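Grab a pencil and work through these short exercises on pockets and charged pairs. Try each task before you read its solution.

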Amino acid sequence: AGVVPDPYWGRNEYGCRWVSERDWLARRSFSHDGGPADLVIDGLDTVAEVRLNGVLVLNAANMHRRWRVEVSQSLRQ
C-alpha cells in the first residue's frame, strides 16, 4: 500500500523501525468439512501466538520452520 518504503534502500531502515515495535494481528476465515483438521503455517515472525476461535493453538518461537497443529477441537460453525 506504499506505507512502508523499501527498508533495504539507503537509510529507509531507520524510518521502518516502528513496524517491529508493534504487535500485529492477522485474521482469516475458512470452511471446514467436519473431519480432522491441521492448521499449517509458514512465515511466522520469530515470536508469535496463534489463536483459532479464541483458543490458543500455538506459541511459536522460531521463524525458520513450518508449523503444523491439529485444530479439530478448536473449530466451530
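**Exercise 1.** Find how much space lies in the second largest pocket of this predicted model, and sort its lining by class.

*Solution.* Start with the space: the second largest pocket holds about 170 Å³. Next, list the lining, which is V4, P7, E13, C16, R17, V19 and S20. Now sort these residues: 4 are nonpolar, 1 is polar and 2 are charged.

**Exercise 2.** Do the same for the largest pocket, and work out which strand gives the most to its lining.

*Solution.* The volume here is about 1100 Å³. Its lining has 30 residues, with A26, R27, R28, V50 and R51 nearest the centre. Strand 1 (38-42) and strand 2 (48-52) are the elements giving two or more residues to that lining. Strand 2 gives the most, with 5 residues. By class, you get 13 nonpolar, 9 polar and 8 charged residues.

**Exercise 3.** Track down the salt bridges and say what the one between R68 and D38 ties together.

*Solution.* First, the idea: side chains of opposite charge can pair when their charged atoms come close. The count comes to 3 salt bridges. Take R68 and D38, whose closest N and O atoms are 3.4 Å apart. R68 sits in strand 4 (residues 66-70) and D38 in strand 1, so this pair links parts 30 residues apart in sequence. Next come D42 and R66, at 2.9 Å. D42 is in strand 1 and R66 in strand 4, so they connect parts 24 residues apart in sequence. Last, R51 and E49 meet at 3.0 Å, N to O.

**Exercise 4.** Decide whether R66 and D42 are exposed or partly exposed.

*Solution.* Exposed means over 50% relative accessible area. R66 has 52%, so R66 is exposed. D42 has 49%, so D42 is partly exposed.

Note on methods: Residues numbered from 1 in each chain as written. Predicted model: local features only at pLDDT ≥ 70, side-chain atom pairs only at ≥ 80, totals over all residues. Heavy atoms only, no water. 1 Å grid on protein atoms, 1.4 Å probe; cavity = no way out; pocket = protein on both sides within 12 Å on 5 of 7 lines; lining within 4 Å. Points joined across faces, edges and corners; volume = space filled by probe spheres on them. Helix = DSSP H or I, 4+ residues; strand = E, 2+ residues; numbered from the N terminus. Nonpolar A, V, L, I, M, F, W, Y, C, P; charged D, E, K, R; others polar. Salt bridge = Lys/Arg side-chain N within 4 Å of Asp/Glu carboxyl O. Buried < 20%, exposed > 50% of the residue type's maximum accessible area, 1.4 Å probe, protein only.
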